[in-house]
Amino acid sequence: MPADTKAELAKHALIGKVPVLAHGKLWISESLAISEYLAEMFPAPAHPRLFPADLGDRARARQVMSAMRTSLMGLREDRPTSSVFGRPIEAPLSERGRRDADELLELAGRLVTPGQALFGAWCIADADLTLMLMRLVANGDPVPQPIVDYAVAQWDRKSIRQYLSYLPTVT
């Protein structure tokens, strides 16, 4: 990240990291904080729902989101986010990365129902799980076809494609 970008983040955001949301004079970093802010600032039914309507499903969605952000570090190291958006990594997964991939695929296998979003209707947890799954899919690692189909369908959502169009190209 360029030094001027880091300085700008540190100047405005409490935690100077990306992703960051600038909404007026308020700058928020950390994905879950951004998601919760947006869900409260732009609530349903006037705006699309970011979290499931059901309280239990909302808690489970946050559980999935938290797990995607705080675990699977071996997979993150072997398949960084940049490999999803840029050149695939040809090296095989490390032992730790393979264990994490197995854990991720086991979780996805329990959560994913072919042709459906995680909690019946799309929510932000679908985006988080998909990004983690795309670390495997984009790099050609083995992933069961129903999980590939889920990840690709989520990745092809209009809102996700629009968001991805704003990201810089990684080479």
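Start by selecting Glu30, which sits in the loop between β2 (26–29) and α2. Keep in mind as you go that this is a predicted model. Check the backbone here: phi of Glu30 is near 80°, a positive value in a residue that is not glycine. Is Glu30 buried, exposed or partly exposed? With 31% relative accessibility, Glu30 counts as partly exposed.

**One step back: Ser29**

Now select Ser29, which belongs to strand β2. Color by accessibility if your viewer allows. Ser29 counts as buried, because its relative accessibility is 7% and the cut-off for buried is under 20%. Which residues surround Ser29, once its neighbours within four places in sequence are left aside? Show Ala13, Ile15, Gly16, Lys17, Pro19, Val20 and Ile34: Ser29 is in contact with each of these.

**Into helix α2: Glu36**

Move along to Glu36, found in helix α2. Glu36 is partly exposed, with a relative accessible area of 26%. Leaving aside neighbours within four places in sequence, its contacts are Phe51 and Arg62. For a distance to draw in the viewer, pick the C-alpha atoms of Glu36 and Ala108: these residues are 72 apart along the chain, and the separation in space is 23 Å.

**A cis bond after α2**

Go next to Pro45, in the loop between α2 (31–41) and α3. Display the peptide bond that joins Ala44 and Pro45: it is cis, with omega at about 5°.

**Past α3: Leu72**

Select Leu72, in the loop between α3 and α4 (73–78). Here is another backbone angle to check: Leu72 has a positive phi of about 60°, although it is not a glycine. How accessible is Leu72? Leu72 is buried, with a relative accessible area of 5%.

**A pocket stop**

Let's turn from single residues to empty space. Rolling a probe the size of a water molecule over the atoms shows where such space is left. The second largest pocket has a volume of about 160 Å³. To find it, select Arg60, Gln63, Val64, Ala67, Leu107, Arg110, Leu111 and Phe119, which line the second largest pocket.

Which helices each supply at least two residues of this lining? They are α3 (55–70) and α6 (95–111). Of the contributing elements, α3 gives the most to the lining, with 4 residues. Try coloring the selection by class: the lining of this second largest pocket has 5 nonpolar, 1 polar and 2 charged residues.

**Beyond α6: Cys123**

Now pick Cys123, in the loop between α6 and α7. Cys123 counts as buried, at 0% relative accessibility. What does Cys123 touch, apart from its neighbours within four places in sequence? Show Leu50, Phe51, Pro52 and Ala61, which are in contact with Cys123. Phe51 may look familiar, as Glu36 is also in contact with Phe51. For a distance, use Leu93: Cys123 and Leu93 are 30 residues apart along the chain, and their C-alpha atoms are separated by 30 Å.

**After α7: Ala138**

The last single-residue stop is Ala138, in the loop between α7 (124–137) and α8 (145–155). Ala138 is partly exposed, with a relative accessible area of 26%. Not counting residues up to four places away in sequence, Ala138 touches Ser83, Val84 and Pro88. Draw a line from Ala138 to Lys25 as well: the two are 113 residues apart in sequence and 36 Å apart in space, C-alpha to C-alpha.

**Zoom out to the whole chain**

Finally, clear the selection and switch to a cartoon. The protein chain has 9 helices and 2 strands, and along the sequence the pattern reads α-β-β-α-α-α-α-α-α-α-α. The radius of gyration of the protein chain is 17 Å, close to the 16 Å that the globule rule gives for 171 residues, so the chain is as compact as a globular protein of that length. Along the principal axes, the C-alpha atoms fill a box of roughly 45 × 40 × 25 Å.

Switch on the surface for some totals. The accessible surface of the protein chain comes to about 10200 Å², with 57% of it belonging to carbon and sulfur atoms. Buried residues make up 34% of the 171 residues. If you plot a contact map, take the contacts between residues at least 6 apart in sequence: 52% of these join residues at least 24 apart.

Terms used:
Residues numbered from 1 in each chain as written. Predicted model: local features only at pLDDT ≥ 70, side-chain atom pairs only at ≥ 80, totals over all residues. Heavy atoms only, no water. 1 Å grid on protein atoms, 1.4 Å probe; cavity = no way out; pocket = protein on both sides within 12 Å on 5 of 7 lines; lining within 4 Å. Points joined across faces, edges and corners; volume = space filled by probe spheres on them. Nonpolar A, V, L, I, M, F, W, Y, C, P; charged D, E, K, R; others polar. Rg over C-alpha atoms; globule rule 2.2 N^0.38 Å. Buried < 20%, exposed > 50% of the residue type's maximum accessible area, 1.4 Å probe, protein only. Contact = heavy atoms within 4.5 Å. Areas by Shrake-Rupley, 256 points an atom, 1.4 Å probe, with all protein chains shown as cover.
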